[in-house]
Amino acid sequence: MNQDELKALVGRAAIEYVPEGSIIGVGTGSTVNCFIDALADVKRRIRGAVSSSNASTERLKRHGIAVLEAADVVAQGARLPVYIDGADEIDGRGCMVKGGGAALTREKIVADLAERFVCIADASKRVDVLGRFPLPVEVIPMAAAQVAKRFEAIGGQALLRAGVVTDNGNAILDVRGLAIADPLAMETEINQWPGVVTVGIFARHRASVCLLGTPEGVQTLNFA
Ligand code: 5RP
């Protein structure tokens with residue numbers, strides 16, 4: 001099976017995690033696109049979705065799936081039972097690097113509304129230590145150079161992602177050279193830097209479950 005087939009496999013497998021009658025959180029990326037396409041077949045089972053990007057919103061609507069505003073879910077005092085999204089990397093504790101598709105801020109917001117995060121990924125995303133994939137960081141454009149300098153001081157090389165403006169009107173830095181041995185500590189530290197909107201480390205919002213696509217089939221990783 002090639003990588004696209006593995007993504008399709010876990011996209012379909014995630015349907016099992018969609019509770020009847022619920023509003024669910026939907027992530028962004030090529031793996032999530034497979035999930036959205038599979039969701040279209042059972043769309044009458046759900047009340048709708050809160051989306052993490054304009055791209056996913058468009059795809060959901062094209063399939064006739066209702067897209068709800070996060071603010072309305074909050075106003076109703078509701079929580080999403082599940083948030084389903086991909087990852088660029090996932091470690092043995094369910095901590096992830098995300099943001100390859102530049103949607104990390106809204107992804108973290110929707111993940112925060114959910115009871116649990118179900119990560120769907122092909123086996124190439126499973127790593128022992130996060131940091132091989134360049135760490136995406138959404139920044140206020142004015143602060144990009146300043147934040148890049150701070151990364152330099154901790155051994156990272158930050159590069160502005162050319163031609164990319166996020167759904168929130170900001171810039172993305174991709175940071176190479178970091179070994180993220182303590183994801184929670186690094187997420188907490190970088191979040192404090194002025195001008196950082198969101199760092200692509202998901203340790204506070206780590207996965208509860210990962211459906212990993214392998215040549216042998218879907219491997220389910222449960223994280224305590
Ligand atoms: C988008 C993301 C994606 O989940 C991540 O980049 C994985 O994408 P794909 O499923 O296309 O490999 O974080 O911001």
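**Entry 1: the largest pocket**

I began with the largest pocket of this predicted model, and its volume came out at about 230 Å³. Which residues sit closest to its centre? I found Ser51, Leu68, Glu69, Ala70 and Arg106, out of 13 that line the pocket. I then looked up which elements give two or more residues to this lining, and they are β2 (48-51), α3 (54-62), β3 (67-68) and α5 (104-112). Sorted by class, the lining has six nonpolar, four polar and three charged residues.

A reminder to myself on the approach: rolling a probe the size of a water molecule over the atoms shows where empty space is left.

**Entry 2: the second largest pocket**

Next I went to the second largest pocket, which holds about 190 Å³ of space. I counted 18 residues in its lining, and those nearest the centre are Thr28, Gly29, Ser30, Ala87 and Asp88. Here the classes split into five nonpolar, eight polar and five charged residues. Two elements, α2 (30-40) and α5, each supply at least two residues of this lining. Which element gives the most? My note says α2, with three residues.

**Entry 3: helix α2 and Thr31**

Since α2 had turned up in the second largest pocket, I looked at which of its residues are buried. The list reads Thr31, Val32, Phe35, Ile36, Ala38, Leu39 and Ala40. What do these buried residues pack against? I wrote down α1 (3-13), β1 (23-26), α3, β4 (80-85) and β7 (114-122).

While reading that list I kept the general rule in mind: an α-helix has 3.6 residues a turn, so residues three or four places apart point the same way.

I picked Thr31, in helix α2, for a closer look. Thr31 counts as buried because its relative accessibility is 5%, under the 20% cut-off. Beyond its neighbours within four places in sequence, Thr31 is in contact with Lys7, Val10, Gly11, Ile120 and Ala121.

**Entry 4: Lys108 in α5**

I moved on to α5, where Lys108 is found. Is this lysine, Lys108, buried or exposed? Lys108 is buried, because its relative accessible area is 10% and buried means under 20%. Not counting residues up to four places away in sequence, Lys108 touches Glu187, Thr198, Val199, Ile201, Phe202 and His205. I also checked Lys108 against Arg132: they are 24 residues apart along the chain, and 21 Å separates their C-alpha atoms.

**Entry 5: Ala102**

What is the phi of Ala102? I read a positive value of about 65°, although Ala102 is not a glycine. As background, most residues other than glycine have a negative phi, and most peptide bonds are trans. Ala102 lies in the loop between β6 (96-97) and α5. With 12% relative accessibility, Ala102 counts as buried.

**Entry 6: two glycines in loops**

Gly92 came first on my list, in the loop between β5 (89-90) and β6. Gly92 is partly exposed, because its relative accessible area of 43% falls between the 20% and 50% cut-offs. Leaving aside neighbours within four places in sequence, I found Gly92 in contact with Arg126, Val127 and Phe223. Gly92 and Val129 are 37 residues apart in sequence, and in space they are 8.4 Å apart, C-alpha to C-alpha.

Then I turned to Gly195, which has its place in the loop between α7 (183-191) and β11 (196-199). Gly195 has a relative accessible area of 22% and is partly exposed. Which residues does Gly195 contact, leaving aside its neighbours within four places in sequence? They are Glu138, Val139, Ile140 and Ala143. For Gly195 and Ile140, 55 residues apart along the chain, I noted a C-alpha separation of 5.2 Å.

**Entry 7: domains**

How is the chain divided? I have domain 1 as 3-127 + 204-222 and domain 2 as 135-199. Their C-alpha centres lie 24 Å apart. The contact takes 16 residues from domain 1 and 19 residues from domain 2.

**Entry 8: confidence check**

To finish, I looked up the confidence values of the prediction. The mean pLDDT of the chain is 97, and 100% of its residues reach 70 or more. Among the elements, I found the lowest mean pLDDT, 96, in helix α4 (residues 70-75), and the highest, 99, in strand β12 (residues 201-202).

Technical notes:
Residues are numbered from 1 along each chain as its sequence is written. This is a predicted model: local features need pLDDT of at least 70, side-chain atom pairs count only at pLDDT 80 or more; totals for chains, interfaces and linings use all residues. Side-chain values use heavy atoms; hydrogens and water are left out. On a 1 Å grid over the protein atoms alone, a cavity is a set of points where a 1.4 Å probe fits but cannot get out, and a pocket is an open set with protein on both sides within 12 Å along at least five of seven lines; lining residues have an atom within 4 Å of a point. Grid points are joined across faces, edges and corners, and a volume is the space filled by probe spheres set on the points. Helices (H or I, at least four residues) and strands (E, at least two) are DSSP runs, numbered from the N terminus. Ala, Val, Leu, Ile, Met, Phe, Trp, Tyr, Cys and Pro count as nonpolar, Asp, Glu, Lys and Arg as charged, and the others, Gly among them, as polar. Buried means under 20% relative accessible area, exposed over 50%, partly exposed in between (1.4 Å probe, protein chains only). Contact means heavy atoms within 4.5 Å. pLDDT is the predictor's confidence in each residue, from 0 to 100. Domain bounds come from an automatic or database domain assignment.
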